[in-house]
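Student: I've got this model open and I'd like a close look at just one part of it. Could you walk me through that part slowly, and show me how it sits in the whole chain?

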Amino acid sequence: QFFLKRSVELYFDKRIKVSEFLHKFSEEVSKSISGVTTELVNDLYKTVGIIVGVMIAGLVDPPKMPIIVHWTSLLYFIYIIFILVLLLPSRYLSFRGNVLEFEHNKVELCDVLLEEEIETIEGGTFKRNRLIFLITFTLINMGYSIVGMIAFLIWKAS
């Protein structure tokens, strides 16, 4: 009876741990999506500020407008490259680390729980959160790439 009771306690303890890991993963994915989305919105505000600044500079000194556009678009292009090469990959690697940690924790629980039980507890939450992050991340990468291409084309044209 002692061993049976202990096994039941261990079983339910492991089920709770799967739920905790899943909850933690969901929170981390939500934080990642929120962080990347917040950065995108902030960068859009910066973009509008730059455009307004260039327009005002053009109104103040119209002959220097081509030079202002040239250097502003070049610097903005470099800024977007920085985001695409350093910031976004670091966000993805952080997300990937969370996925690997979750998978590792899940494997450790397989000594007590069957894979089917773990998947039942997970439901579609893990896959859904992962898909949402990947879609959001892809769209944000595409958005930055488009803005970067526009900045590059303006720089080349000026």
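**A close look at helix H2**

Tutor: Tyr76 and Tyr79 are three residues apart in helix H2, so about one helical turn separates them. Keep in mind that this is a predicted model, and let's use that pair as our way in.

How many aromatic pairs does the structure hold? There are seven. In the pair made by Tyr76 and Tyr79, the ring centres are 6.0 Å apart and the planes sit at 35°, so this pair is tilted. Are these two tyrosines buried or exposed? Take Tyr76 to begin with: its relative accessibility is 11%, so it counts as buried, the cut-off being under 20%. Tyr79 has a relative accessible area of 27%, so it is partly exposed.

Now set that beside a pair on another helix. The rings of Phe133 and Phe137 have their centres 5.6 Å apart and their planes at 20°, so this pair is stacked. The cut-off that matters here is that planes under 30 degrees apart count as stacked. Both of these phenylalanines belong to helix H4, which covers residues 125–157, and they are four residues apart, or about one turn of the helix. Phe133 and Phe137 are both buried. They also join Tyr92 and Phe95 in one aromatic cluster.

Back to H2 itself, which runs over residues 65–108. Does its length make sense? Let's ask it properly: what should the 44 residues of H2 span at 1.5 Å a residue? The expected figure is 64 Å, and the C-alpha atoms at the two ends are 63 Å apart, which agrees. Look along the helix, though, and you'll find a bend of about 35° at Ile83. Ile83 is also one of the buried residues of H2, a list that includes Ser73, Leu74, Leu88, Phe95, Asn98 and Val99.

Ile80 is on that list too, and it's a nice residue to zoom in on. Its relative accessible area is 0%, so it is buried. What does Ile80 touch, once you set aside residues up to four places away in sequence? The answer is Tyr144, Val147 and Gly148. Take Val147: it is 67 residues from Ile80 in sequence, yet their C-alpha atoms are 7.7 Å apart in space. Two of the residues that Ile80 touches, Tyr144 and Gly148, are among the buried residues of H4.

Tyr144 leads us on to another helix. Glu39 lies in helix H1, residues 2–60, and it touches Tyr144 along with Leu87 and Arg91, again not counting residues up to four places away. With 19% relative accessibility, Glu39 counts as buried, because the cut-off is under 20%.

Next, go to Phe126, which is found in H4. Its relative accessible area is 3%, so Phe126 is buried. Leaving out neighbours within four places in sequence, Phe126 is in contact with Leu22, Phe25, Val99, Phe102 and Glu103. Of these, Val99 and Phe102 are among the buried residues of H2. For a contrast, pick Val85: it is 41 residues from Phe126 in sequence, and their C-alpha atoms are 27 Å apart in space. You can run the length check on H4 as well: its 33 residues should span 48 Å at 1.5 Å a residue, and its end C-alpha atoms are 48 Å apart, which agrees.

Now zoom out to the whole chain. The secondary structure comes to four helices and zero strands, in the pattern α-α-α-α along the sequence. The radius of gyration is 24 Å, well over the 15 Å that the globule rule gives for 158 residues, so the chain is more spread out than a compact globule. The C-alpha atoms fill a box of roughly 90 × 20 × 20 Å along the principal axes. Of the 158 residues, 27% count as buried. Among contacts with a separation of 6 or more, 86% are between residues 24 or more positions apart. Finally, the accessible surface comes to about 10,300 Å², and 71% of it belongs to carbon and sulfur atoms.

Notes: Residues numbered from 1 in each chain as written. Predicted model: local features only at pLDDT ≥ 70, side-chain atom pairs only at ≥ 80, totals over all residues. Heavy atoms only, no water. Buried < 20%, exposed > 50% of the residue type's maximum accessible area, 1.4 Å probe, protein only. Contact = heavy atoms within 4.5 Å. Phe/Tyr/Trp six-rings, centres within 6.5 Å; stacked < 30°, edge-to-face > 60°. Expected span 1.5 Å × (residues − 1). Bend = angle between axes of the 7 residues up to and from the residue. Rg over C-alpha atoms; globule rule 2.2 N^0.38 Å. Areas by Shrake-Rupley, 256 points an atom, 1.4 Å probe, with all protein chains shown as cover.
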